[in-house]
Amino acid sequence: MNSLEDRLTRFSTSDLKPPVLPDADVAYTLHDTPIGTMLLAVAHGRVVASSFGDEETITGRLARAVSPRVLRQPRALDVVRRELDEYLTGKRQEFTVQVDLALATPFQQLVLADLRNHTSYGHTKTYGQLAGEIDRPKAARAVGTALGANPVCVLLPCHRVIGASGALTGYAGGLEAKRYLLNLEKKRIISP
Amino acid sequence: MGMVTVGLPPFQALVDAHWRDVARLARALAGPVDGDDVAQRAWEKAFAAYPGLTSAKNLRSWLLTITARCATDVHRARRPQRPLDDAPPIAVDGPDAADWPDPDLWQAVNGLPERQRYAITLKYVGDLDHHGVAAALDTTPAASRRLVSDALATLRRTLGVTS
């Protein structure tokens, strides 16, 4: 057991230091919110992810779609985190940070890109209504699927789109999260 | 976008998985003070070169190769400047291992010829196979095998151990 090779292998040293790296092409952080842990990511100053998906999956997709230079660099997300926290406590109704739909397919981009113009704070819309507004009147189901794949949740308010029956149907962060967001917005416009 | 075709993992995954291995190897090769500098430089080089990689295979070996090259650069920079290019190279020992765990062993390792010292450190501290060692030293696996076995023979003699 104490052969020369073993002794060489056991080389140990304490207080190892992790590297300090330059700014990443894609900077991300995990952020705890009242609706769950979210992965927030920016590239070139734009938000490319605000997601409930797991770290490995989302960063892997970002590496392929944007750049493999993806690093956990929380400070690059300071503004996004602050705006998100303000929104989630009812202190903010609109986001100033820009988004980039690098993780969305062309159809998802069509549905998501103008979502901020098609919805408004405190109000809901049905999948069918939204489908009609983007000139895809027969595509309510596909619109629902595209919203479900929203890579930039909350900032692009897919939570404001619900089923024709009034049911919340689905949300990437879970129905509880969707209910939380809609209640938050409703309360604010009733008693601002 | 769409430039990336080889499916490189996010760089953070490399950092998380390998930063301790890189730091350890850098310290074994360059000593406690220069080692941290070597590791930091190696990561900066790897980060700069990463998007240009054409294969996502053997990323750990790639990182340790960069680390070994950075250690060589630091080592060479420490060498006294020679007035004449054709003067014979001076033997430069590795770092002083007096304070290291197992100092007898590492003093002996650090007295080995440079290529042997690198080969044996890459093999056992870096846990690389002979292909990996050979890549880091820009040589063949057969040559790596020879460097390692010569180094082990010298160490056994120096330390008076039989295994």
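Is Lys45(B) buried, partly exposed or exposed? In this predicted model, Lys45(B) is partly exposed, with a relative accessible area of 43%. The side chain of Lys45(B) forms a salt bridge with that of Asp73(B), the N to O distance being 3.5 Å. This pair links distant parts of the chain, since Lys45(B) belongs to helix α1 of chain B and Asp73(B) to helix α2 (residues 59-78) of chain B, 28 residues apart. Asp73(B) also counts as partly exposed, at 38% relative accessibility.

Over all chains, the structure holds 18 salt bridges. One of them pairs the side chains of Lys17(A) and Asp36(B), at 2.9 Å from N to O. Lys17(A) is located in the loop between α1 (4-9) and β1 (26-33) of chain A, and Asp36(B) in helix α1 (residues 11-49) of chain B, so this salt bridge joins two chains. The two partners fall into separate accessibility classes: Lys17(A) is exposed, with a relative accessible area of 52%, whereas Asp36(B) counts as buried at 18% relative accessibility. The latter assignment follows because buried means under 20% relative accessible area.

Asp16(B) and Arg72(A) provide a further salt bridge between side chains, at 2.5 Å from N to O. This pair likewise crosses between chains, running from Asp16(B) in helix α1 of chain B to Arg72(A) in strand β4 (residues 70-72) of chain A. Asp16(B) counts as partly exposed at 38% relative accessibility, and Arg72(A) is partly exposed with a relative accessible area of 35%. Helix α1 of chain B thus carries Asp36(B), Asp16(B) and Lys45(B). Within chain A, a network of salt bridges links Arg82(A), Glu83(A), Glu86(A) and Arg92(A).

Helix α5 of chain B was examined next. Six of the eight residues of α5(B) are buried, so the helix is largely enclosed by the rest of the structure. The buried residues are His130(B), Gly132(B), Val133(B), Ala134(B), Ala136(B) and Leu137(B). Among the elements that cover these buried residues are α2, α4 (114-124) and α6 of chain B. Helix α2 of chain B is also where Asp73(B), the salt-bridge partner of Lys45(B), is found. At the start of α5(B), Asp129(B) places a side-chain oxygen within 3.2 Å of the backbone nitrogen of His131(B).

Just after α5(B), Asp138(B) adopts a positive phi of about 55 degrees. Most residues other than glycine have a negative phi. Asp138(B) lies in the loop between α5 (130-137) and α6 (141-159) of chain B. In contrast to the buried residues of α5(B), Asp138(B) counts as exposed, at 69% relative accessibility.

A positive phi also occurs in chain A, where the value for Val154(A) is near 70 degrees in a residue other than glycine. Val154(A) is found in the loop between α7 (140-148) and β6 (161-162) of chain A. Which accessibility class applies to Val154(A), buried or exposed? Val154(A) is buried, with a relative accessible area of 2%. Positive phi values are therefore present both at a buried loop residue, Val154(A), and at an exposed loop residue, Asp138(B).

Definitions and conventions
Residues are numbered from 1 along each chain as its sequence is written. Chains are lettered from A and ligands numbered from 1 in the order in which they are written. This is a predicted model: local features need pLDDT of at least 70, side-chain atom pairs count only at pLDDT 80 or more; totals for chains, interfaces and linings use all residues. Side-chain values use heavy atoms; hydrogens and water are left out. A salt bridge is a side-chain nitrogen of Lys or Arg within 4 Å of a carboxyl oxygen of Asp or Glu. Helices (H or I, at least four residues) and strands (E, at least two) are DSSP runs, numbered from the N terminus. Buried means under 20% relative accessible area, exposed over 50%, partly exposed in between (1.4 Å probe, protein chains only). Contact means heavy atoms within 4.5 Å. A polar contact is a pair of N or O atoms within 3.5 Å; within protein, one must be able to donate a hydrogen and the other to accept it, and residues adjacent in sequence count only if both atoms are side-chain atoms.
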